[in-house]
Amino acid sequence: MEYLLNEKKTEIVFQNDFRIAFQKETKKVFLIDKKVYQLFENELGKIIDGASFLIYASEEKKSLKTIEQIYRFLGENNVNRSSIIIGIGGGITTDITAFAASTYKRGCRLILIPTTFLGMIDAAIGGKTAVNFEGIKNSIGTFYPAEKVFIIPKYLTKLPEKEIKNGLIECIKIALIKPSKLYDILISNKGKITSEILKLAIDLKLDICEKDLEDKNERKHLNLGHTFAHILESISNYKISHGTAVSLGLRAAAKMSLQSGYIDDANYKKIIYVLDYFKLPDKIPEKYKKRIRENGLEILLQDKKATSRINVVFFNGFQSVFIKEIIEPNIILEALDNFI
Ligand SMILES: NC(=O)c1ccc[n+]([C@@H]2O[C@H](COP(=O)([O-])OP(=O)(O)OC[C@H]3O[C@@H](n4cnc5c(N)ncnc54)[C@H](O)[C@@H]3O)[C@@H](O)[C@H]2O)c1
């Protein structure tokens, strides 16, 4: 599968043995999620034939400090613009690797091997790189698609259930944005992740990214559920996970779309059915509701300060969404309070 992201070709390769991509290259380095390295040491030990830097995958380490350490590592290993930097791990590792590759010497070659469900269908594809800065997630970054992304489903065999669920929620989100058979296939496979599911989800996302890599128009549709999710994550100090927050956000977006008359009851039920089918969270704990009433507006206004407007993605059909600017932020908070 090949895509053009801002005229740069990115190839998605379904192939277990990714050595082929760099075997002949003389200059390569590896940035690897430490846990993934430990879990798959037997196999990765045989494949990795260059200097490697292990990354402890936490949001705290997704920082400029880690990037500085990586720049030093790249310098020590004489990495230049024609060298290949290979990132192996979940979204934290691929975001860090891609950011380092895009900035070191103004851009080195990049290959990514995502090892989480979310990484395969979202973080490692689509060209966004990022690190966190002063408590704000992903506030520093670039657009820098990898030349190749290898999708190797066997890495999912050791992925904890909660990480599978995080990926599933983003997969459901993409299945609700655009017409495709992904919705039906997700349900008929009862949660089993197949290559077909991965291919469909990747294709849906990259079709959007091809048209709008830099998030100016259609790519904003991928923020479905995310305005609500961001409030829930902030209000709970990230105790509510991103996946849980997005699943609650999808419910809120669907309910608000129904109440505003953008969708009818039949479409509303179809959207909610998949969330219920996978038993995804449907209630905000009362203590957080109280905090939303007290501090929700502040969070929304901070967002507005950063982006100058509050745009919410609504449904206007099943597998169809649109963006609407919200002038009165209180209606978002009321939706969270009343609908879930
Ligand atoms: N660039 C983008 O477009 C984009 C999109 C979505 C999310 N993200 C970013 O991705 C990050 C979240 O990434 P994520 O959810 O993929 O995972 P992660 O990198 O946060 O990793 C989650 C955990 O799973 C472990 N892990 C990774 N692969 C494993 C495997 N195969 N088996 C067992 N354990 C494994 C990690 O060590 C870590 O403990 C966030 O920082 C988010 O901001 C980026």
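Ile271 is buried in this predicted model, its relative accessible area being 0%, and the residue belongs to helix H11, which covers residues 265-277. Apart from neighbours within four places in sequence, Ile271 touches Leu176, Ala254, Ile263, Phe315, Gly317 and Phe318. One of these partners, Phe315, is 44 residues away from Ile271 in sequence, while the C-alpha atoms of the two residues are 9.4 Å apart in space.

Helix H11 also carries an aromatic pair, which is taken up here together with the other ring pairs. A pair of aromatic rings is described by the distance of the centres and the angle of the planes. The model has 10 aromatic pairs in total, and two of them are set out below.

| Pair | Centre to centre | Angle between planes | Arrangement |
|---|---|---|---|
| Tyr262 and Phe322 | 4.9 Å | 90° | edge-to-face |
| Tyr273 and Tyr277 | 6.1 Å | 35° | tilted |

The pair of Tyr262 and Phe322 is edge-to-face, with 90° between the planes; because Tyr262 lies in the loop between helix H10 (242-259) and H11, whereas Phe322 lies in strand S11 (residues 320-325), this pair ties together parts that are 60 residues apart in sequence. Tyr262 itself, at a relative accessibility of 27%, counts as partly exposed. Through ring pairs, Tyr262, Phe314 and Phe322 are linked into a cluster.

The tilted pair of Tyr273 and Tyr277 has both partners in helix H11, where they are 4 residues apart and therefore separated by about one helical turn. Tyr273 is partly exposed, with a relative accessible area of 43%, and Tyr277, at 28% relative accessibility, likewise counts as partly exposed.

Rings also take part in arrangements with lysine side chains: Lys8 lies over the face of Tyr144, at 4.0 Å from the ring centre, and Lys158 lies over the face of Phe40, at 4.8 Å from the ring centre.

Helix H4 offers a further topic. This helix runs over residues 91-103, and its 13 residues reach 18 Å from the first C-alpha to the last, which is close to the 18 Å expected at 1.5 Å a residue. H4 is mostly covered, since 12 of its 13 residues are buried; among them are Gly91 and Ile92 at the start of the listed residues, the polar or charged Thr93, Thr94 and Asp95, and further along Phe99 and Ser102. Just after H4, Lys105 adopts a positive phi of about 55°.

Methods. Residues are numbered from 1 along each chain as its sequence is written. This is a predicted model: local features need pLDDT of at least 70, side-chain atom pairs count only at pLDDT 80 or more; totals for chains, interfaces and linings use all residues. Side-chain values use heavy atoms; hydrogens and water are left out. Helices (H or I, at least four residues) and strands (E, at least two) are DSSP runs, numbered from the N terminus. Buried means under 20% relative accessible area, exposed over 50%, partly exposed in between (1.4 Å probe, protein chains only). Contact means heavy atoms within 4.5 Å. The expected span of a helix is 1.5 Å times one less than its number of residues. Rings of Phe, Tyr and Trp (its six-membered ring) pair if their centres lie within 6.5 Å; planes under 30 degrees apart count as stacked, over 60 as edge-to-face and the rest as tilted. A charge sits over a ring if NZ of Lys or CZ of Arg is within 6 Å of the ring centre and within 35 degrees of the ring normal.
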